[in-house]
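Visitor: I'm new to this one. Could you walk me through it and tell me how each label is earned?

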Amino acid sequence: MDELNNAFRKLIVGVDTKVPLLNGDYVTAINLDNAATTPPFNSVMKKILEFVPWYSSVHRGTGYKSIMSSEVYEEGRAIIKRFVNADKSRDIVIFTKNTTESINLLAYILAQDDDDSIVLSTEMEHLANDLPWRDKFKVDYICTDECGKLSIEDLEMKLRKYAGKVKLVTVTGASNVTGFKNPIHEIASLAHRYGAKILVDGAQLVPHCPVDMKDFDSAEHIDYLAFSAHKMFAPFGIGILIGPQKTFENIDPVYKGGGAVTLVSRQFIDWESPPYNNEAGTPNIIGIVALLEAIRILNCIGMDVIHEYENSLIDYTTAALMGIPGVVLYGNSEKHESKIGIVSFNLLGFDHRLLAKILSCEAGIAVRSGLFCAHPYVEKLLKITDQELQYYQENPDVPFPGMVRISVGLYNSYSEIDALVACLRWINGDKIKCKQKYTEISQKVSGPKSPLLYTPRKKMP
Ligand code: PMP
C-alpha cells in the first residue's frame, strides 16, 4: 500500500507544501477536503503549458492554431463519453462550468415542455441537485433511513403513487456527506419501468469509481450524467452534462449569443443544433485540455484501483475515529463497497467550526465543517427539529449545528490519517484547556468572521 501511495503522491501538485501553524511552526499541509475540490495532477499542469502555445479560439478561426484548438475541443467530447461509457452517437457532451451549472441547465431545458410533471429528488442531495428543480416542477423527495441511506422501497412507492407522472428521478451517485453510493442502475431500472428518466449527479461518483452509463437499450441506462472537473484533479472551470441529443434539440437556450446560432436577422434567430445551442460564447478550452489529461491519468491508474485504495483508507479512518471517545459518526456503514472515501463526524462538546479550525491551526490539516451544501440531509442526520430550524432561521447570529467531514483522495496516506487521529485525541484529551486557549485567541482577533477562529456570539436557549 505504501508503494502505491508513494506513486500516487508523485502525481499531485503541492503535496509537500508547508503551511503555518498557530505557534509559527511550518508543517506539510494535509488535505482531507477532496470532496470540495482536488489539487491538479502535475501532468495536467504540464499539458496546459504544452498546449498554451497552440491556444486559440475554437470554431471561429481559420488559422492553424484555431483549427488545432477546435480539434482538441471536439475530440474531447468523445474521450469524455468513453470515460463513462456514454453512447457514441446518441448522447452529447455539453461543456459547462461545473455540476451546478450542468444540473441547472438540464432543469431549465426539461421545464420547457413541461406539462405538470413531477421530479423525484432525494433527501440526500447536494443543493445543486435540489434547488434547480424546486421552482420548475412539483418536487417530491425519496426518503433516507436513520443512517442516511436511500430507501429504494420509498422510490418505488412514490413512482407507483404518481402513476406515470414522474418525468425524472434525480439522484446523487454518491453523497458528499456520508459517502454512501446509490445503486444507480437499480434506480434507473425502476425509473424506466414507470416511464421516468434518470439524472445522476456524478460530482462525487465520477472522480472516485468506474461509471458506466450503459447501453440505451438497457433498462439500467443512465439518461443524464453531470460532473465537475475540479473534483478530479483538473481545477480549471469545466463541468460536464451528458444526455441524449434529442433532449437538447429545439429548445430555447438559457444563454444566448454567438456560437449558439446558425443565422440571425432582426426578424428571426436560427439556433445551432446540440450541443452548440447550449454553449454560447467562447468556451473554456484550457479547462477541457486539463480534464482530458486528468482522465488519461485516472484511466492509467484504473478507477477500480482508485476506488479500492480510497475505500481502504476511509475504512481505516472510520475505525480509528470510532476508537476516540466522544466521536459521533454519521452514516456509518459496515459495507465499504457501497461508499466512497468520505466520513462525517462530531466530537461531543466541540463546535464543528472550532474543531475544524483547531485541526488546521495545530496540525495543518484541512477538513470541511458545516452543512456541506446538503442542508436538509445534514439537518435530518443531526435530528434537528422543524422548531429548531425556525429558531436558527430567525436568529442568524446563533451558530448553526453541523459536522466535520473527512474526504480522501488517492494521494492521501495512512500516516496522514494517523496525524489526524493523533490531533483529535490531543484535542479530546484536554478539551477544556484546548477550548480555553482558542477562546482567548479568538477574543484577540477581529470578530466571528476571522479567517482563523470563529466565536459563537449567542447560545441556543
Ligand atoms: N453534487 C455533489 C454531490 C457535490 O458534492 C457537489 C460539490 N460539493 C456538487 C454537486 C456541486 O459541484 P460544483 O460545485 O462543482 O458545481
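Visitor: How many nonpolar, polar and charged residues does the lining of the second largest pocket have?

Guide: Keep in mind that this is a predicted model. By class, that lining has eight nonpolar, 10 polar and five charged residues. The pocket itself holds about 310 Å³ of space. It is lined by 23 residues, and the closest to its centre are Ala35, His126, Asn176, Gln204 and Lys231.

Visitor: What makes a space a cavity, and how many of 30 Å³ or more are there?

Guide: A cavity is a set of points where a 1.4 Å probe fits but cannot get out. With that rule and the 30 Å³ cut-off, the count is one. About 40 Å³ of space lies in the largest cavity.

Visitor: Which residues line the largest cavity?

Guide: Its lining is made of Asn34, Ala35, Gln204, His208, Glu310, Ile340, Gly341, Ile342, Ser407 and Val408. Sorted by class, that gives four nonpolar, five polar and one charged. Glu counts as charged and Gly as polar, so Glu310 goes in the charged group and Gly341 in the polar one.

Visitor: Let's turn to the helices. Why are α3 and α8 called oblique to each other?

Guide: Two packed helices are described by the angle between their axes and the distance between the axes. Here, the axes of α3 (residues 64-84) and α8 (residues 285-301) cross at roughly 40° and come within 10 Å. Angles under 35 degrees would count as roughly parallel, and roughly perpendicular runs from 65 to 115. The crossing angle of roughly 40° fits neither range, so α3 and α8 are oblique to each other. As for handedness, α3 passes α8 in a left-handed crossing.

Visitor: Which residues make the contact?

Guide: From α3 come Ser69, Val72, Tyr73, Gly76, Ile79, Ile80 and Phe83. On the α8 side are Ile285, Ile288, Val289, Leu291, Leu292, Ile295, Leu298 and Asn299. Together they divide into 12 nonpolar, three polar and no charged.

Visitor: What is the peptide bond from Pro274 to Pro275, cis or trans?

Guide: That one is cis, with omega near 5°. Most peptide bonds are trans. Pro275 sits in the loop between β12 (269-271) and α8.

Visitor: And what is phi of Asn85, positive or negative?

Guide: Phi of Asn85 is near 55°, a positive value, and this residue is not a glycine. Most residues other than glycine have a negative phi. You'll find Asn85 in the loop between α3 and β4 (91-96).

Conventions
Residues numbered from 1 in each chain as written. Predicted model: local features only at pLDDT ≥ 70, side-chain atom pairs only at ≥ 80, totals over all residues. Heavy atoms only, no water. Axes fitted to C-alpha atoms, helices over the stretch in contact; angles between N-to-C directions. Helix = DSSP H or I, 4+ residues; strand = E, 2+ residues; numbered from the N terminus. Parallel < 35°, antiparallel > 145°, perpendicular 65-115°, else oblique. Left-handed = near helix turned anticlockwise from the far one by under 90°. Contact = heavy atoms within 4.5 Å. 1 Å grid on protein atoms, 1.4 Å probe; cavity = no way out; pocket = protein on both sides within 12 Å on 5 of 7 lines; lining within 4 Å. Points joined across faces, edges and corners; volume = space filled by probe spheres on them.
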